[in-house]
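Biologist: Got a minute to walk me through this one? Let's pull it up and go piece by piece.

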Amino acid sequence: MSKRLGLLNVFIIMTLLLAACGASSGKDIPDKTNWQLEEFSFINQDGEPFGLEDVKGDITIASLIFTNCTTVCSPITANLAKLQRMSTGEGLNVHYLSFSVDPEVDSPEVLKEFGERFEADFTKWNFLTGYTQKEIEEYGPKNFKTIVAKPKNGGEVVHGTSIYLIDKDGVIIKSYDGLDVPFEEIIDHLKILHAK
C-alpha cells in the first residue's frame, strides 16, 4: 500500500514538473506596445524597391538613423550590428531595418557605404530611403511614436534613439533603448516570438 502511495506521489510530482515546463515555454513578452506598422514602399541600399510585404513573415528589428549624424546614429547602428551577430549565432532568423531620417542626403549608395562600415549583413538588413523629408517626418511619429524633425536652419535631424521589435504580422511589439541596449533581453524576446 505504501509503495503504491509512493508511486502515486512520484507520478503527481512528475506531472506538476511537466506542466511547469510547458507553462514556461508559453511565456510572453511583457509590456507590449502593439503598434501596427503602416504599409510602406521605399528603396533600399541597392536602389531596389522594399516594403512592409518584404518583411512580413519575418521577425524584424528597426531603427531610425542618418549617415551625417555626429552623435547617436553610429552607436545605434553598431549596437544593431552586434545584435545581428548575436541573433545569427543563436540561429534566429531576424530581419533588420534602418530608416533614414535624412533621405535627401542618404542616397542608396551613401546608406550602403554606411552599412558596410558596421559590417552589416545586407542579406538580412535593409537601409531605407526613397521618400521625402515630409514623408518620414509623418511616418516616424505615426508608426514609431517618436519625433522626426529636420531643423530649417540646417542643424542635425532630431529623432528618437529607440530600436523596435516587430513581429511576423508587422506589429511593433516592443521598443528598447538603442544606446544602452538590453541585448540578452532582446534575444530572449526574439526566442519567444520564434517559438510562436
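Modeller: Sure, one term to begin with: buried means under 20% relative accessible area, exposed over 50%, and partly exposed in between (1.4 Å probe, protein chains only). This is a predicted model, so local features need pLDDT of at least 70 and side-chain atom pairs count only at pLDDT 80 or more, while totals for chains, interfaces and linings use all residues. Residues are numbered from 1 along each chain as its sequence is written, and side-chain values use heavy atoms, with hydrogens and water left out.

Biologist: Which are the buried residues of H3?

Modeller: Helices (H or I, at least four residues) and strands (E, at least two) are DSSP runs, numbered from the N terminus, and H3 covers 108-117. On its other side, Glu109, Glu113 and Arg117 are exposed. The buried residues of H3 are Pro108, Leu111, Phe114 and Gly115.

Biologist: And how wide an arc do they cover around the axis?

Modeller: An α-helix has 3.6 residues a turn, so residues three or four places apart point the same way. The arc is that of the directions from the helix axis to the C-beta atoms. The buried residues sit on the same side of H3, because their arc is only 125°.

Biologist: What covers the buried residues of H3?

Modeller: Here contact means heavy atoms within 4.5 Å. The cover includes strand S2 (41-43), S4, H2, S5 and S6.

Biologist: After H3, which residue has a positive phi?

Modeller: Look in the loop between H3 and strand S6 (125-128). The residue there is exposed, with a relative accessible area of 67%, and its phi is about 55° although it is not a glycine. The residue that follows H3 with this positive phi is Glu119.

Biologist: How many residues of strand S5 are buried?

Modeller: S5 spans residues 94-100. Val94, Tyr96, Ser98 and Ser100 are buried on one side, and His95, Leu97 and Phe99 on the other. That makes the buried count seven of seven.

Biologist: Which residue in S6 is the bridge partner of Ser98?

Modeller: Two strands pair if DSSP finds at least two bridges between them. S5 and S6 pair in the parallel sense over four bridges, and in S4 Ser63 stands opposite Ser98. In S6, the partner of Ser98 is Phe127.

Biologist: What is the handedness of the crossover from S5 through H3 to S6?

Modeller: A crossover is right-handed if, with the strands pointing away from the viewer, the path from the first strand over the helix to the second runs clockwise. The β-α-β crossover from S5 through H3 to S6 is right-handed.

Biologist: Which helix gives the largest share of the largest nonpolar core?

Modeller: A nonpolar core is a set of buried Ala, Val, Leu, Ile, Met, Phe, Trp, Tyr and Cys residues joined through side-chain atoms within 4.5 Å. The largest one has 54 residues, and Ile61 and Leu190 are among those with the most contacts inside it. Leaving aside neighbours within four places in sequence, Ile61 touches residues including Ile163, Ile186 and Leu190. The largest share, six residues, comes from helix H5.

Biologist: Last one: how far apart are the end C-alpha atoms of H5?

Modeller: The expected span of a helix is 1.5 Å times one less than its number of residues. H5 has 13 residues and should therefore span 18 Å. The model agrees, with its end C-alpha atoms apart by 18 Å.
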